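Here's a walk through one protein chain, from its ring pairs to its charged contacts. Keep the structure open beside you as you read.

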Amino acid sequence: MNQKNIGHYFDWAATSPADEDILRSSLEETLAVWGNPSSVHSVGKEARALLESARERCADVLGVPPEKLFFTSGGTESDHIPLLSVLNRPQKGTVLVSSLEHPAVQNEAEELKKCGWKVVLIPSNTAGIITPEAVLAKLTDDTVLVCVMALNNETGAIQPVYEIADALEKAAAGRRRAKLHADCVQAAGKIPLDLSRAGIDSAAFSAHKICGPRGIGILYLADPIEPFLRGGGQEKNIRSGTENVYGALAFSKCLERYYLNGKNAQAQERFALQRKYTRAFLEKISSIKGCTVIPAVRLESEHEAEYSPWVVQTAFSGIPGQVMLRALDAEGFCISTGSACSSRKNDRPVLEAMSVNAQLRETAVRFSFGPHTTASAMDELAAKTAEIAGRFN
């Protein structure tokens, strides 16, 4: 990778620099195989074969059958399809949504309300975790869908989705249980994931978070659903529209290179290194006068495993988040104040759900890292942040 300023890029949770060799090789392959995969002639069949090969490669990495994977336009659409599918039900009911979800889930759930559905927020604790107990406390007999992301994009909190799945199964007591959807957009390539684990009914992925192209995502479905949106019937009618063969192929290669599982020793080694890098970064950044790590509990060693080493949220007393962002940007360092999808808004619903006070919410910033982030670059970031904070204190 030789993209400009990649060394001082610390907004990987927003998007990742594209892996050039993957994108170039995928483009070359699809320039040669350019047909419509739904066409029945020889050119279309070649494209179909390449698309299905990409699906099989993705499935092999994710550890699930290829027929359970559907290519979409990205994480947002992969989140929307399970949510919108409830509109096909003859009777309206309840959808539970984590109070920490990405706007792709939160805002679409609000639209369900207009269609007569009851949408209930699952409260977070102050550590930024949605506990199984919190889910069960909101569960009702007419709950059909529960949405809890696998890894929070602002705090790095790893959500106990497997434990929540078990709790939903136990609560059902043999009856039909509520489906569980997991937004895995931030988790893929960042923490171990097991889609084959019973109880995860659907999951969303996006290529551009792991060095792939924008505009391509994956929806995992453990069982078939009836989609609300219809069209030409592509992707087994789950997601109609001409398939993005280039994107699917590039995504498969990115998963093979970056997905964190038992077969990818290089990704495992990099994950262990990032734990070490972030531990050192947290020590440096938390020592800055006026700095608060959010949540503070992640500084305690016994809670380290509950947070992704790829995302750190902090606040600096007396320095609005946008001011810190611009000051670091002027020095060549790219960070954010939270989700890129909400970067032009002043509210911080995730932090508010964690009961973070208004002053900390206003001064909070997010540092996020990727597989090409170096320890020395993180040291430089900590030093420059300390220098800027010193100007205000």
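How many aromatic pairs does a search of the whole structure find? There are five. Before going further, bear in mind that this is a predicted model.

## Aromatic pairs

A pair of aromatic rings is described by the distance of the centres and the angle of the planes. Take Phe 10 and Phe 333: their ring centres sit 6.3 Å apart and their planes meet at 10°. Planes under 30 degrees apart count as stacked, so this pair is a stacked one. The two partners come from distant parts of the chain, 323 residues apart. Phe 10 belongs to the segment before helix H1 (20-32), while Phe 333 is in the loop between helix H9 (321-330) and helix H10 (349-353).

Both rings are tucked away from solvent. Phe 10 is buried, at a relative accessible area of 0%, and Phe 333 is buried too, at 4%. The pair is also part of a cluster: ring pairs connect Phe 10, Phe 281, Phe 333, Phe 367 and Phe 369.

## Nonpolar cores

In soluble globular proteins, nonpolar side chains tend to be buried together. Here the largest nonpolar core contains 72 residues. Phe 205, Phe 316 and Phe 367 have the most contacts inside that core, and helix H7 (residues 245-258) is its top contributor, with eight residues. There's a second, separate core of 24 residues, with Ile 200, Leu 351, Ala 353 and Met 354 among them.

What does Phe 367 touch, leaving aside its neighbours within four places in sequence? Its contacts include Phe 10 and Phe 281, which are also members of the ring cluster. Trp 310, Val 311, Val 312, Phe 316, Leu 328 and Leu 381 are among the other contacts of Phe 367.

## The seven-stranded sheet

Strands of a sheet pair through backbone hydrogen bonds, either parallel or antiparallel. In this model, seven strands make an open sheet with mixed pairing, in the order S1-S7-S6-S5-S4-S2-S3. Strand S1 (69-72) and strand S3 (118-122) are the edges, each pairing on one side only. On average, neighbouring strands are turned by 20° against each other, direction ignored. At the S1 edge, four bridges connect S1 to strand S7 (residues 217-221) in an antiparallel arrangement, and Phe 70 has Leu 219 in S7 as its bridge partner.

Strand S6 (202-206) is worth a closer look. Five of the five residues of S6 are buried, so the strand is largely enclosed by the rest of the structure. Ser 202, Ala 204 and Ser 206 point one way, while Ala 203 and Phe 205 point the other. S6 runs parallel to S5, joined by three bridges, with Ala 182 standing opposite Ala 203. S6 and S7 are antiparallel and share five bridges; there, Ser 206 stands opposite Gly 217.

Two helices lie across parts of this sheet. Helix H2 (residues 42-62) crosses S1, S6 and S7, at about 120° to S1. Helix H3 (residues 75-85) lies across S1, S2, S4, S5, S6 and S7, at about 165° to S6.

## Salt bridges

Side chains of opposite charge can pair when their charged atoms come close. The model has 26 salt bridges. One of them joins Arg 366 and Asp 11, at 3.1 Å from N to O. Arg 366 is in strand S10 (residues 364-368) and Asp 11 in the segment before H1, so the pair ties together parts 355 residues apart in sequence. Both residues are buried.

Arg 257 and Asp 19 form another salt bridge, also 3.1 Å from N to O. Because Arg 257 lies in helix H7 and Asp 19 in the segment before H1, this pair ties together parts 238 residues apart in sequence. Arg 257 is partly exposed, at 36% relative accessibility, whereas Asp 19 is buried, at 5%.

For a local example, look at Glu 111 and Lys 114, whose closest N and O atoms are 3.1 Å apart. They are three residues apart in helix H4 (residues 103-114), so about one helical turn separates them. Glu 111 is partly exposed, at 36%, and Lys 114 is exposed, at 66%. Elsewhere, salt bridges with shared partners link Arg 48, Glu 52, Arg 55, Glu 235 and Glu 243 into one network.

Conventions. Residues are numbered from 1 along each chain as its sequence is written. This is a predicted model: local features need pLDDT of at least 70, side-chain atom pairs count only at pLDDT 80 or more; totals for chains, interfaces and linings use all residues. Side-chain values use heavy atoms; hydrogens and water are left out. Rings of Phe, Tyr and Trp (its six-membered ring) pair if their centres lie within 6.5 Å; planes under 30 degrees apart count as stacked, over 60 as edge-to-face and the rest as tilted. Buried means under 20% relative accessible area, exposed over 50%, partly exposed in between (1.4 Å probe, protein chains only). A nonpolar core is a set of buried Ala, Val, Leu, Ile, Met, Phe, Trp, Tyr and Cys residues joined through side-chain atoms within 4.5 Å. Contact means heavy atoms within 4.5 Å. Two strands pair if DSSP finds at least two bridges between them. Axes are lines fitted to C-alpha atoms, for helices over the stretch in contact, and angles run from 0 to 180 degrees between N-to-C directions. A salt bridge is a side-chain nitrogen of Lys or Arg within 4 Å of a carboxyl oxygen of Asp or Glu.
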